[in-house]
Amino acid sequence: MKIDIDRLIKCRKQLNISKREAAKRIGVSQPTYLRYESGEREPTIHVLEDIARTFHTSVDYLIGATDSPTPNSITINKKENPQVFSIIENYESWNETQLKRLMAYVKKINELYTKDKLDS
């Protein structure tokens with residue numbers, strides 16, 4: 001698939017990582033990644049999905065199908081994120097009160113984390 005090189009570079013720079021680190025996180029060799037950024041090579045759909053996941057965006061954004069860099073969906077891997085996977089897995093069985101309580105916890109944790117980051 002044809003990738004928008006400017007968006008690829010922008011996403012990498014927003015993470016403040018090197019081309020070498022981007023290649024490592026995506027799971028491709030550095031020369032391969034360099035060819036993606038130079039336009040000499042197009043990633044497969046599977047690699048494009050890995051790039052989108054690594055850069056916290058969507059495939060649609062990387063190929064220019066949308067101007068919104070925010071993904072519409074996120075893939076949670078049970079092996080890599082068992083706690084998050086469990087929450088998602090149980091979500092449908094929760095009632096409205098439980099969901100509101102969970103969201104209140106998430107909001108509070110985010111506030112505390114943001115405060116901690118500002119204080120340090």
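User: Before we start, what does "buried" mean here?

Analyst: This is a predicted model, and each residue gets a relative accessible area. Buried means under 20%, while exposed means over 50%. Glu37 comes out at 8%, so Glu37 is buried.

User: Okay, which residue does Glu37 meet in a salt bridge?

Analyst: Let's look at where the two partners sit. Glu37 lies in helix H3 and its partner lies in helix H2, so the pair ties together parts that are 18 residues apart in sequence. The partner is partly exposed, with a relative accessible area of 35%. The side chain that meets Glu37, at 3.9 Å from N to O, belongs to Lys19.

User: Which residues of helix H1 are buried, and how are they arranged around the axis?

Analyst: H1 covers residues 5-14, and its buried residues are Arg7, Leu8, Cys11 and Arg12. Seen down the axis of H1, they fall within an arc of 135 degrees, so what they line is one face of the helix.

User: And which residues are exposed on the other side of H1?

Analyst: The buried residues of H1 pack against H2, H3, H4 and H5. Over on the other side, the exposed ones are Asp6, Lys13 and Gln14.

User: What caps the N-terminal end of H1?

Analyst: Check out the backbone nitrogen of Asp6. A side-chain oxygen lies 3.1 Å from that nitrogen, and the residue it belongs to is Asp4.

User: Arg7 forms a salt bridge with which residue?

Analyst: Arg7 is buried, with a relative accessible area of 15%, but its partner is exposed at 63%. The closest N and O atoms are 2.6 Å apart, and the partner is Asp67. Arg7 is in H1 and Asp67 is in the loop between H5 and H6, so the pair ties together parts 60 residues apart in sequence. A network of salt bridges links Arg7 with Asp4 and Asp67.

User: How far apart in sequence are Arg53 and Asp50?

Analyst: These two form a salt bridge, with the closest N and O atoms 2.6 Å apart. An α-helix has 3.6 residues a turn, so residues three or four places apart point the same way. Arg53 and Asp50 both lie in helix H4, and their spacing, about one turn of the helix, is 3 residues.

User: Is Ile87 buried, partly exposed or exposed?

Analyst: Ile87 lies in helix H6, and together with Val84 and Ile88 it forms a nonpolar patch on the surface, with about 240 Å² of accessible area together. At 35% relative accessibility, Ile87 counts as partly exposed.

Notes:
Residues are numbered from 1 along each chain as its sequence is written. This is a predicted model: local features need pLDDT of at least 70, side-chain atom pairs count only at pLDDT 80 or more; totals for chains, interfaces and linings use all residues. Side-chain values use heavy atoms; hydrogens and water are left out. Buried means under 20% relative accessible area, exposed over 50%, partly exposed in between (1.4 Å probe, protein chains only). Helices (H or I, at least four residues) and strands (E, at least two) are DSSP runs, numbered from the N terminus. The arc is that of the directions from the helix axis to the C-beta atoms. Contact means heavy atoms within 4.5 Å. A polar contact is a pair of N or O atoms within 3.5 Å; within protein, one must be able to donate a hydrogen and the other to accept it, and residues adjacent in sequence count only if both atoms are side-chain atoms. Patches are made of residues with over 30% relative accessible area and no salt bridge: like charges are joined within 9 Å, nonpolar side chains (Val, Leu, Ile, Met, Phe, Trp, Tyr) within 5 Å. Accessible areas come from the Shrake-Rupley method with a 1.4 Å probe; for residues, only the protein chains shown count as cover. A salt bridge is a side-chain nitrogen of Lys or Arg within 4 Å of a carboxyl oxygen of Asp or Glu.
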